[in-house]
Amino acid sequence: MLGVSLPNQATEEQQDFVRHLESAGGAAFDRLFADLLRASHGKIFATIGEVRAATQNDLIRRHARQASQIVLGHMEVLEDTGLVDSATFQEVEAAVTPA
């Protein structure tokens with residue numbers, strides 16, 4: 001409808017996250033999964049806000065509002081697990097990205 005192309009494959013960063021999750025097990029997997037997902041949600045939450053603020057398109061604004069509500073709900077569920085620490089996305093990413 002809007003002529004926007006959407007990716008159909010995971011980014012290299014997302015593939016790297018999966019590789020790290022595949023090598024983790026048990027409680028370490030649970031914590032890493034929760035941290036990565038919460039940090040990723042925080043990153044996209046900010047992007048949704050930027051898109052919403054930068055557009056005059058009513059359709060985009062409605063979608064951004066709905067997306068922000070859904071992503072916020074997901075972040076709250078992840079935080080309620082007690083597995084998420086206070087690391088920023090960059091800190092979580094740095095912890096799983098080879099030097």
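In this predicted model, the protein exposes about 7,000 Å² of surface, and carbon and sulfur atoms supply 57% of that area. Of its 99 residues, 19% count as buried. The protein contains four helices and zero strands, so that the order of elements read along the sequence is α-α-α-α. Among contacts with a separation of 6 or more, 72% join residues that stand 24 or more positions apart.

Helix H2 covers residues 26–54, and with 29 residues at 1.5 Å a residue it should span 42 Å; the C-alpha atoms at its ends are indeed 42 Å apart, in agreement with that expectation. Helix H3, made up of residues 58–80, has 23 residues and reaches 33 Å from its first C-alpha to its last, which is close to the 33 Å expected at 1.5 Å a residue. At the N-terminal end of H3, Asn 57 acts as a cap, with a side-chain oxygen 2.8 Å from the backbone nitrogen of Leu 59. Just after H3, Gly 82 takes a positive phi of about 80°.

The buried residues of H2 are Leu 32, Ala 34, Asp 35, Leu 36, Ala 39, His 41 and Ile 48, while in H3 the residues Leu 59, Ala 64, Val 71, Met 75 and Leu 78 are buried. These buried residues of H3 pack against H2. A closer view of the H2 side is given by His 41, a residue of that helix, which counts as buried because its relative accessibility is 13%, below the cut-off of 20%. The side chain of His 41 reaches the backbone oxygen of Leu 37 at 2.8 Å. When neighbours within four places in sequence are left aside, His 41 is in contact with Val 71, His 74 and Met 75; of these partners, Val 71 and Met 75 are listed among the buried residues of H3.

In soluble globular proteins, nonpolar side chains tend to be buried together. The largest nonpolar core of the model has six residues in all, namely Phe 17, Leu 21, Leu 32, Leu 36, Ala 39 and Val 92. The elements that give two or more residues to this core are helix H1, which covers residues 12–23, and H2, with H2 giving the most, three residues. Val 92, another member of the core, is found in helix H4, residues 89–96. This valine is buried, since its relative accessible area is 7%, again under the limit of 20%. Although Val 92 and Asp 35 are 57 residues apart in sequence, their C-alpha atoms are 6.9 Å apart in space, and Asp 35 is itself one of the buried residues of H2.

The structure also holds one aromatic pair. The ring centres of Phe 29 and Phe 33 are 6.0 Å apart and the ring planes meet at 15°, so the pair is stacked, given that planes under 30 degrees apart count as such. Both residues lie in helix H2, four residues apart, or about one turn of the helix. Phe 29 counts as partly exposed because its relative accessibility is 29%, and Phe 33 is likewise partly exposed, with a relative accessible area of 37%.

Technical notes. Residues numbered from 1 in each chain as written. Predicted model: local features only at pLDDT ≥ 70, side-chain atom pairs only at ≥ 80, totals over all residues. Heavy atoms only, no water. Expected span 1.5 Å × (residues − 1). Buried < 20%, exposed > 50% of the residue type's maximum accessible area, 1.4 Å probe, protein only. Polar contact = N/O pair within 3.5 Å; in protein donor to acceptor, adjacent residues only side chain to side chain. Contact = heavy atoms within 4.5 Å. Phe/Tyr/Trp six-rings, centres within 6.5 Å; stacked < 30°, edge-to-face > 60°. Core = buried A, V, L, I, M, F, W, Y, C linked by side-chain atoms within 4.5 Å. Areas by Shrake-Rupley, 256 points an atom, 1.4 Å probe, with all protein chains shown as cover.
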